[in-house]
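User: Please take a close look at one part of this structure: the shell around the ligand, along with the helix packing beside it.

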Amino acid sequence: MNDESLQNTSEQAITPEKLNYLKELTQHYYNIDSLAKYMDVYRISKNDPEDFWNTIAERNFEWRKKWDSVLKWNPKKAEVTWFEGAQLNITENAIDRHLETRGNKTAIIWEPNDPEEKTLYISYNELSKRVNKMANVLKKNGIKKGDRVCIYLPMIPELAIATLACARIGAVHSVVFAGFSALALSSRINDSECKMLITADGSYRGSKSINLKGIVDEAMGDTPSIECVLVVKQTSSDIEMVKDRDIWLHDELNQVDDKCEAEVMDAEDTLFILYTSGSTGTPKGMVHTTAGYMVYTAFSFKNVFQYQENDVYWCTADIGWITGHSYIVYGPLLNGATTLMFEGVPSYPDYGRFWEIVEKHKVNQFYTAPTAIRALAKQDVEFVDKHDISSLKVLGTVGEPINEEAWNWYYENIGKRKCPIVDTWWQTETGGIMISPIPFVTPTKPTFATLPLPGIQPSLMDDKGEELKGNSVSGKLCIKHPWPSMARTVYGNHQRYIDTYFSAFENLYFTGDGALRDEVGYYRITGRVDDVIIVSGHNLGTAPIEDAINEHPAVAESAIVGFAHKVKGNALAGFVILKNEGESRDKQNLSKEINQLISSKIGPIAKLDRIHFVSGLPKTRSGKIMRRIMRKISSNEGDQIGDISTLLDPDIVEEIKEKVQPFL
Ligand code: WT7
């Protein structure tokens, strides 16, 4: 299994007999059950990607009409289509086609925030009814194919149901994570001109109750495209319903039928928009389309989690992120799986909650983030050992590089050394998992995402734009050939899509990550090479946070960097230059105000752990802020900042070192 053999596969002759055997392998996309088969399937996918995806699409889904072409790809314009000419509805594949054989099977287990409250088991039959009803409510309120619907809901069943209801009628869902602030919500609504907002009166998170509707009302002050706000009753808190705008979902549901004909969609019709931070500017609305996303999320879910018919699968992410879209809702349901949705947090009522849920529902596949693993590893291992978690078969991790210590803790204490860990690397933009071990097939290695899934061709590039061939190299991670679930564009701004992903290297998709390929061809993701910082698995751009800080009347200028943090992976440090009148202010109060500002502009996840008030920032003569210097100093690597001779004012480095020192 070395990269040479992976790289050279397409040149090796494949005899007709071999071709038939390989085709059989992909007939059902899941029977990769040995490393030799993985190598074979990978080889066929690389040798003829179109034939590979054609076979998978043809044999594993229901289509209203088949495609005219598998792939059209124009790298100059970054225009791609998959399965053009095909017609389908993704909900017919995720729900309807299971009803005959799995109607009474549980589709969604919903575990409430409060363990004393009732767990819900939603069968495929019931899910079908609820999605159809919700779809009829959307239609009744004027939503048509192509309209954008913003969903701002906590982790309650209505969140999954609302996304599927949109897909049922061809409306485009834009889910906004319910931890985002009013401003973050309104700017996303306005960017894609959503016609409707679906929200709840409130939400629970651990011991806290959040006034979600209050945030919505604030956001609605500035969202002219919204015609209707559909409200789910969740906390029964006292809220204001605005006349001619707000309606209760339960009232509406009473007035509609439980059958809604699925809208026939073209393969390339937009399924959803999901916003992600970039290194500069406003968040990008990544556009995902119907057929390719369906094929790839279903294929990758089955392979990466090795889901078997009666398994219970649990991904702890929020549906507000791509992980939840692809691997709580679409991937599992397309496979007829039982998927668990958890409303709460890992620490409530105590740090044993995850393991209590695993025991209660006999969870077989468990998928979470390194930041959660690190937070749990810090607790007494009693919290784990109290529970029988022997049902677990496969453990997954996603969102940021996992450090060796956390990997080992997960492997030993949760997996009891018998569950493979799938370290899955992917992005909002890729739609699905790209590099990951296949459990029980690919030997795992701590901190390595290991090998690409079939159909995915990673390449590492050096700064001169040359591909790094062979093994034991590290560079910028790119993907060579289009894959079905790649985002098609940035909503309303195709140029930005080209600039961000297809300009750094010719004909390649640039991921923004650095990676190394070890001596056997395994990939390890080393982290972002741009100004995106990943805090607790959340993607944050430096620019919007700095913009928020700079709005404080006492602030002249600021720069933020990420530094290594034991639990969050990275935490944020802000370097702030005050205006003259700010100098006399109490620094503790100022710090508080700055964090409040960030919370209200972006959300609490973007708050700074450290704020340093400095007299200047390290800048080059051309004015570019050298964040690298502040990053090194904040990570206690001040001795490795390298050459600072290009700085306008090298003395500032000493001042920064002094200010940061007490925090190290
Ligand atoms: C960025 C994408 C994909 C769902 C969650 C995040 C980082 C993601 C890994 C991993 C190392 C990882 C990358 C990537 N990342 N998974 N297994 N190992 N880094 O989606 O918010 O779009 O963030 O998360 O830096 O580019 P996202």
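Analyst: Here is the ligand shell, followed by a helix pair.

This is a predicted model, where local features need pLDDT of at least 70, side-chain atom pairs count only at pLDDT 80 or more, and totals for chains, interfaces and linings use all residues. Residue numbers start from 1 along each chain as its sequence is written.

Start with the ligand. The shell holds 22 residues, and Pro 401, Gln 427, Thr 428, Ile 525 and Asn 539 come nearest. A residue is near a molecule if its C-beta atom, placed from the backbone, lies within 6 Å of it. H13, strand E20 (421–424), strand E24 (509–517) and strand E25 (523–528) each give two or more residues to the shell. Helices (H or I, at least four residues) and strands (E, at least two) are DSSP runs, numbered from the N terminus. E24 gives the most, with three residues. By class, the shell has nine nonpolar, nine polar and four charged residues. Ala, Val, Leu, Ile, Met, Phe, Trp, Tyr, Cys and Pro count as nonpolar; Asp, Glu, Lys and Arg as charged; the others, Gly among them, as polar.

Now H13 itself. Helix H13 (residues 322–334) and helix H12 (residues 290–305) have axes that come within 8 Å and cross at roughly 85°. That makes H12 roughly perpendicular to H13 (65 to 115 degrees). Axes are lines fitted to C-alpha atoms, for helices over the stretch in contact, with angles from 0 to 180 degrees between N-to-C directions. H12 residues in the contact include Met 294 and Phe 301, and H13 residues include Tyr 327 and Leu 334. Contact means C-beta atoms, placed from the backbone, within 7 Å. The contact residues divide into seven nonpolar, four polar and no charged.

Terms used
Parallel < 35°, antiparallel > 145°, perpendicular 65-115°, else oblique. Contact = placed C-beta atoms within 7 Å.
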